[in-house]
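The following report describes the strand pairing, domain arrangement and overall dimensions of one protein chain. The sequence and the coordinates are shown first.

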Amino acid sequence: MVIKKLTLDNFRNYEHEDFVFDEGLNILTGKNAQGKTNCAEAVFYLCTGASLRIRHDKQLIRRGAEFARIAAETDSRFGKVKLEAVIFENKRELYLNGNKIRPVDFLGNMNSVFFSPGELRLIQDGPDERRRFLNLSISQTSRDYRVALSRYQRVLEQRNNLLKSSAYRFDAETLDVWDEQLAEYAARIVKKRREFLAVLSPLASSLHHSLTDGAEELSLCMDGSYPAEEEGIKEKLLREISASRERDLRLGFTTVGPHRDDIRVSINGQDARGYASQGQARTAALSMKLAETEIFRTLTGEAPILILDDVMSELDLPRRKRLLKGVKDLQCILTCTHAERVLYGVESRRIRIQNGKIVE
Ligand SMILES: Nc1ncnc2c1ncn2[C@@H]1O[C@H](COP(=O)(O)OP(=O)(O)OP(=O)(O)O)[C@@H](O)[C@H]1O
Ligand SMILES: [Mg+2]
């Protein structure tokens, strides 16, 4: 999978710009605040339909403009594909080869893995970040997962509303219906996440092992245990949901289910969240992301686009070298403030950005 061309109109600090990318390594350089991350973010947006840094698309529109447009030409297992997102203040339009499509069909046409210093959150923050990682990653390759997730979220919202209103009007029958539906979609999500982690975990461990030169053991596992089959998972979830009904009614929200899932990350047997140093956490997050590229490759038969935003300065020299070696056989978009010495002599396309414009 490669992105050949990216066109930005009124996106962030870009008025109009065309980027042409090589199949291998592409290095975006420029001083601070010139638009390197913005460019990387645009690529990521076309892959996931989501922004990296914000909740509201509005901020993606260049100040003073009415709408932003991101368009890309890609070459992948689907052949040549054109993707386009037009972002307005309160809505957006998504196009695949010129045809307007729904978000659920937009995702997965271009896959990417994004890594930036902020990815430390994956290890150090609460469960939200790790669920986000699972959702974004699995969603890119599984339409079933995307559908189950959006239905689950809808039912969860309805169940929570019902729980809140139960103080003055308790409706057990409707709650039974929501419980049943919640367990059904939850089971699909739980099954996929566990399958995903079963593949991710050994890959990430082995990458972490080599990035740390054998000094550290990384292990990842999901909280709780469930049967392997969807039917069994659903039954177990239904029992858990029923058992927590009284508590849920008291609290006014749903306290069990995949919206509370977490990945347990440990390094050398210790919980990484509480104990890992910055460098350990950074390397663990990087290992998880690189493992994700391998999963994409296995599932889709082609490597995703790897976006490395500002990571070179964060790693020591041996790790930088190992990282560069590891990314040779995929398309990589790498940003840095100046061409690092470790990058000298490495075959790549260099793009220099200044104030929202390509200058070289
Ligand atoms: N909606 C917007 N309209 C206009 N400018 C924006 C908008 N959103 C962000 N910017 C500007 O884009 C500029 C470049 O941001 P970007 O994050 O891409 O910088 P960068 O080149 O990655 O810098 P650094 O090296 O510091 O990470 C910032 O100065 C920011 O103010
Ligand atoms: Mg940046």
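In this predicted model, strand β1 (residues 2-11) and strand β4 (residues 68-76) are joined by 7 bridges and run antiparallel. Within this pair, I3 of β1 has T74 of β4 as its bridge partner. Strand β1 also pairs with strand β2 (residues 14-20), again in the antiparallel sense, through 6 bridges. Here L6 is placed opposite F19 in β2. The connection between β1 and β2 is a hairpin with 2 residues between the strands, and R12 in that turn has a positive phi of about 50°. In general terms, the strands of a sheet are held together by backbone hydrogen bonds, in either a parallel or an antiparallel arrangement.

The strand pairs for which bridge counts are available are collected below.

| Strand pair | Bridges | Sense | Opposed residues |
|---|---|---|---|
| β1 and β4 | 7 bridges | antiparallel | I3 and T74 |
| β1 and β2 | 6 bridges | antiparallel | L6 and F19 |
| β10 and β11 | 2 bridges | antiparallel | I267 and Q270 |

The last row of the table belongs to an open sheet of 3 strands, ordered β9-β10-β11 and paired in the antiparallel sense. Strands β9 (218-222) and β11 (270-271) form the edges of this sheet, each pairing on one side only. Helix α6 (residues 172-211) packs on the sheet and touches both β9 and β10; the direction of α6 makes about 175° with that of β9. Strand β10 comprises residues 263-267 and is joined to β11 by 2 bridges, with I267 standing opposite Q270.

At the level of domains, the assignment for the protein gives domain 1 as 1-111 + 304-360 and domain 2 as 124-292. The C-alpha centres of domain 1 and domain 2 are 29 Å apart. Their contact draws on 10 residues from domain 1 and 12 residues from domain 2. On the side of domain 1 that touches domain 2, the elements that supply two or more residues are α1 (36-48) and α11 (317-326). Helix α11 gives the most to this side, with 3 residues. By chemical character, the residues of this side of domain 1 divide into 3 nonpolar, 4 polar and 3 charged.

One residue merits separate attention. I123 is part of helix α3 (residues 121-124). Is I123 buried or exposed? I123 counts as buried because it has 23 C-beta neighbours inside 10 Å. Apart from neighbours within four places in sequence, the contacts of I123 are V265, A272, R273, A276, A281, A284 and A285. The C-alpha atoms of I123 and Q280 are separated by 9.4 Å, although these residues are 157 positions apart along the chain.

Finally, the global descriptors can be considered together. The protein contains 11 helices and 15 strands. Its C-alpha trace spans about 65 × 50 × 35 Å along the principal axes. The radius of gyration of the protein is 22 Å, which agrees with the value near 21 Å for a compact globule of 360 residues. Of the 360 residues, 39% are buried. Among contacts with a separation of 6 or more, 72% are made by residues 24 or more positions apart.

Notes:
Residues numbered from 1 in each chain as written. Chains lettered and ligands numbered in written order. Predicted model: local features only at pLDDT ≥ 70, side-chain atom pairs only at ≥ 80, totals over all residues. Pairing = 2+ DSSP bridges. Helix = DSSP H or I, 4+ residues; strand = E, 2+ residues; numbered from the N terminus. Contact = placed C-beta atoms within 7 Å. Axes fitted to C-alpha atoms, helices over the stretch in contact; angles between N-to-C directions. Domains from an automatic or database assignment. Nonpolar A, V, L, I, M, F, W, Y, C, P; charged D, E, K, R; others polar. Rg over C-alpha atoms; globule rule 2.2 N^0.38 Å. Buried ≥ 20, exposed ≤ 12 C-beta atoms within 10 Å, placed from the backbone.
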